[in-house]
Amino acid sequence: MNNQIKRVGVVGAGAMGSQIAMVCALAGYPVVLQDISQASLDRGIQSLQAQMQKRIDKGRLDERQVDEAFAKISTTLSLHGLSDADLIIEAATEKLDIKREVFKQLDSIVKVEAIFATNSSTIVSSKVADATFRPDKVCNIHFFNPALVMELVEVVKGPHTSEKTAQIAHDFVKSIKKTPVLLNKEISGFIANRILGKLMDEAVFLLENGYASHEEIDLVCTKALNHPIGPFALMDLTGIDVNYFVRMQRFEESGNEKDKPAELIREKVNKGELGRKTGKGFYTYS
Ligand code: 3HC
């Protein structure tokens, strides 16, 4: 446990938010998970139950550890439920106006000493910090998907973020048994997604232009480059809509046509083929 952080609040019970909540609970933190939709909260908890059962079945965790972790997670539909948190991790929809509104509201609800972090990898914290009266306590804490499994977490210091806040965030990540990497300057995409983005762009280029199928491109990445999964399987895992929003965000920032999402990605999003979560993306899931 971290000395400054006793209780964690997580905004958004999607795949990222719910798994972040469980990672914190497994490390012993009481967590309040908030979402505006009861259905999303229920889905988030059900999905955690399934993931935790797998770990029990494999002998990675015992039932007592899992029960104790679930007992530390409470859910709420209201941001007021997060008032006692020392750290807020926002994992709401990847839209700037929504995030700004969340932080603006939280600013008047949550104690002044609390730190606010956004899990976004594209929306740097300076875009939301000025929606609060505590910009020195705002930063990015970026987990990877699936957060229960992925070890690395990027902690990003904006120009407004104090050294103390960055240090507390960094120490907190260690306390939840993840490996933190600290970026001293903010840049959209941080490190991992900037590098991954180039790989995905090239994969989509090869597919769109008929050089090879998505299965073959994935096979090259897994068998020639030793990546755990290929770029198309990864887009299905993280959500093709997430990829689309990331690119749109970058395009809106740069105004550069080459930053626009590829036509193939736009088509998938328009058809609602978003990946694992809709049962179909580049692959089909049962
Ligand atoms: N949620 C939680 N846990 C999951 C999971 C999920 N969706 N999928 C798999 N797991 C767990 C399994 O339960 C298993 O746990 P265990 O080791 O305790 O038994 C472990 O992951 C390995 O799973 P499997 O053996 O079933 O399957 P794989 O060997 O294919 O591993 C994977 C699955 C860990 C997801 C692996 O494919 C992988 O590492 N993929 C790359 C993930 C990646 O690159 N993530 C970064 C995405 S970019 C991002 O997140 C940035 C954001 O801003 C968009």
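Me: Which residue stands opposite Gly9 in β2?
Reply: In this predicted model, strand β1 covers residues 8-11 and strand β2 covers residues 31-34, and the two run parallel, joined by four bridges. Gly9 belongs to that pairing, and the residue that stands opposite Gly9 in β2 is Val32.

Me: Which residue in β4 does Val11 stand opposite?
Reply: Strand β1 is also joined to β4, again by four bridges and with the two strands running parallel. Following that pairing to Val11, one finds that the residue opposite in β4 is Glu90.

Me: What is the bridge partner of Ile89 in β5?
Reply: Strand β4 is joined to β5 by four bridges, and these two strands run parallel. Within this pairing, the β5 residue that is the bridge partner of Ile89 is Ala117.

Me: Are Leu87, Ile88, Ile89 and Glu90 of β4 buried or exposed?
Reply: The side on which each residue lies does not separate them here, for Leu87 and Ile89 point one way from β4, whereas Ile88 and Glu90 point the other way. The cut-off for the term is a relative accessible area under 20%. By that criterion, all of these β4 residues are buried.

Me: Which are the edge strands of the sheet?
Reply: Eight strands form an open sheet with mixed pairing, in the order β3-β2-β1-β4-β5-β6-β7-β8. An edge strand here pairs on one side only, which is the case for residues 73-76 and for residues 179-183, that is, for β3 and β8.

Me: What does the twist average from one strand to the next?
Reply: The sheet in question is the open one, in which eight strands are ordered β3-β2-β1-β4-β5-β6-β7-β8. Going through it from one strand to the next, the twist averages 25 degrees.

Me: At about how many degrees to β5 does helix α4 run?
Reply: Two helices can be placed against the strands: α3 (residues 63-72) lies across β2 and β3 and runs at about 35 degrees to β3. Helix α4 (residues 96-109), for its part, lies across β1, β4 and β5, and its angle to β5 is about 170 degrees.

Me: How many Å separate a nitrogen atom of the ligand from an N or O atom in the side chain of Gln19?
Reply: There are 18 residues around the ligand, and Gln19 is among those that come nearest, together with Lys58, Arg60, His142 and Asn145. For the pair formed by a ligand nitrogen and an N or O atom in the side chain of Gln19, the distance is 2.9 Å.

Me: What percentage of the accessible area of the ligand does the protein cover?
Reply: Side chains also approach oxygen atoms of the ligand, with an N or O atom of Ser121 at 3.2 Å and an N or O atom of Asn193 at 3.0 Å. On its own the ligand has 1000 Å² of accessible area, and the part covered by the protein is 68%.

Me: Which elements give two or more residues to the shell around the ligand?
Reply: The shell comprises 18 residues. Looking for elements that give it two or more residues, one arrives at residues 38-57, 192-208 and 231-238, which are α2, α7 and α9.

Me: Why does Thr122 count as buried?
Reply: Thr122 has its place in the loop between β5 and α5. Leaving aside residues up to four places away in sequence, Thr122 touches Glu94, Ser188, Gly189, Val246, Gln249 and Glu253. Since buried means under 20% relative accessible area, Thr122 qualifies because its value is 3%.

Me: What is omega at the cis peptide bond that joins Asn145 and Pro146?
Reply: Pro146 lies in the loop between β6 and β7. The bond that joins Asn145 to Pro146 is cis, and its omega is about -5 degrees.

Me: Is Phe190 buried or exposed?
Reply: Phe190 sits in the loop between β8 and α7, and it has a positive phi of about 50 degrees although it is not a glycine. Its relative accessible area is 1%, and the limit for the category is under 20%, so Phe190 is buried.

Me: Does Asn226 count as buried or exposed?
Reply: Asn226 lies in the loop between α8 and α9, and it has a positive phi of about 65 degrees although it is not a glycine. Its relative accessibility is 66%, and the threshold is over 50%, so Asn226 counts as exposed.

Methods: Residues numbered from 1 in each chain as written. Predicted model: local features only at pLDDT ≥ 70, side-chain atom pairs only at ≥ 80, totals over all residues. Heavy atoms only, no water. Pairing = 2+ DSSP bridges. Axes fitted to C-alpha atoms, helices over the stretch in contact; angles between N-to-C directions. Contact = heavy atoms within 4.5 Å. Buried < 20%, exposed > 50% of the residue type's maximum accessible area, 1.4 Å probe, protein only. Near = heavy atom within 4 Å. Polar contact = N/O pair within 3.5 Å; in protein donor to acceptor, adjacent residues only side chain to side chain. Areas by Shrake-Rupley, 256 points an atom, 1.4 Å probe, with all protein chains shown as cover.
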